[in-house]
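Student: Could you go through this structure with me? I'd like to start with the sheet and then get to the charged side chains.

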Amino acid sequence: MSLDVAALCDDHAGMISQPYQLYVERTDPAKNMARFYAMQISVSLFGETCLTRRWGRIGTSGQTKVHHFQREEEAVSLFLDLTRQKRTRGYRPRAANHRAMR
């Protein structure tokens, strides 16, 4: 295997085909609810595709969970399933929340 720069640039095996990131919030002042949920797909140092999830109360660091996959398609499938679940539960992008509060 060659270590010259041209060979490294042509290797796309360790790259994600497109960026997958999500940040949504769910707020309800009547219930003192202010939650966030964030996800991102990335590649680990070992070449595994990872889906990193963070959630918790807005203003805190929250909790984190990392899922490891052999194939990017598996990570994307979970990403989309979780996105649908959060949308069904009332999570919305931050900009939508600010507009609704005005």
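Tutor: We can take the strands to begin with and the charged residues after that, keeping in mind that this is a predicted model.

Student: Okay, in what order do the strands sit in the sheet?

Tutor: The open sheet is formed by five strands in the order β4-β3-β2-β1-β5, and their pairing is antiparallel. In general, the strands of a sheet pair through backbone hydrogen bonds.

Student: And which strands stand at the edges?

Tutor: Those are β4, residues 63–69, and β5, residues 92–93. Each has a single partner strand, so one side of each is left without a neighbour in the sheet.

Student: What packs on the sheet?

Tutor: Helix α2 does, and it touches β1, β2, β3, β4 and β5, while its direction makes about 165° with that of β2.

Student: How many bridges are there between β1 and β2?

Tutor: There are nine bridges between β1 and β2, which pair in the antiparallel sense, and within that pair Leu22 stands opposite Met39 of β2. The two strands also make a hairpin with four residues between them, where Asn32 in the turn has a positive phi of about 55°.

Student: How many bridges join β1 to β5, then?

Tutor: Two bridges join these antiparallel strands. Across from β5, Glu25 faces Arg92, and Val24 stands opposite Pro93.

Student: Switching to charges, how many salt bridges does the whole structure have?

Tutor: A search of the whole structure finds four. As background, side chains of opposite charge can pair when their charged atoms come close.

Student: Glu25 came up already, so which residue forms a salt bridge with Glu25?

Tutor: That partner is Arg94, with the closest N and O atoms 3.4 Å apart. The pair links distant parts of the chain, since Arg94 belongs to helix α3 (residues 94–101) and Glu25 to strand β1 (residues 20–28), 69 residues apart.

Student: Is Glu25 buried or exposed?

Tutor: Glu25 is buried, because its relative accessible area is 7% and the cut-off for buried is under 20%. Arg94, on the other hand, counts as partly exposed at 41% relative accessibility.

Student: What about Arg84, which residue does Arg84 form a salt bridge with?

Tutor: Arg84 forms a salt bridge with Asp81, and the closest N and O atoms are 2.8 Å apart. Both sit in helix α2 (residues 72–88), and because they are three residues apart there, about one helical turn separates them. Asp81 is partly exposed, with a relative accessible area of 35%. Elsewhere, salt bridges that share partners join Arg71, Glu73 and Glu74 into one network.

Student: How far apart are the closest atoms of Arg71 and Glu74?

Tutor: In that salt bridge, the closest N and O atoms are 3.8 Å apart. Arg71 is partly exposed at 45% relative accessible area, and Glu74 is also partly exposed, at 33%.

Student: Which arginine is buried yet has no salt bridge?

Tutor: That is Arg53, and the nearest side chain of opposite charge, Asp81, is 10.0 Å away. Arg53 lies in strand β3.

Student: What polar contacts does the side chain of Arg53 make?

Tutor: The side chain of Arg53 makes a polar contact of 3.3 Å with the side chain of Tyr37, and another of 3.4 Å joins Arg53 to the side chain of His67. Leaving out residues up to four places away in sequence, Arg53 touches several others, including Met39, Gln63 and Leu82.

Definitions and conventions
Residues numbered from 1 in each chain as written. Predicted model: local features only at pLDDT ≥ 70, side-chain atom pairs only at ≥ 80, totals over all residues. Heavy atoms only, no water. Buried < 20%, exposed > 50% of the residue type's maximum accessible area, 1.4 Å probe, protein only. Pairing = 2+ DSSP bridges. Contact = heavy atoms within 4.5 Å. Axes fitted to C-alpha atoms, helices over the stretch in contact; angles between N-to-C directions. Lys, Arg positive; Asp, Glu negative; His and termini not counted. Polar contact = N/O pair within 3.5 Å; in protein donor to acceptor, adjacent residues only side chain to side chain.
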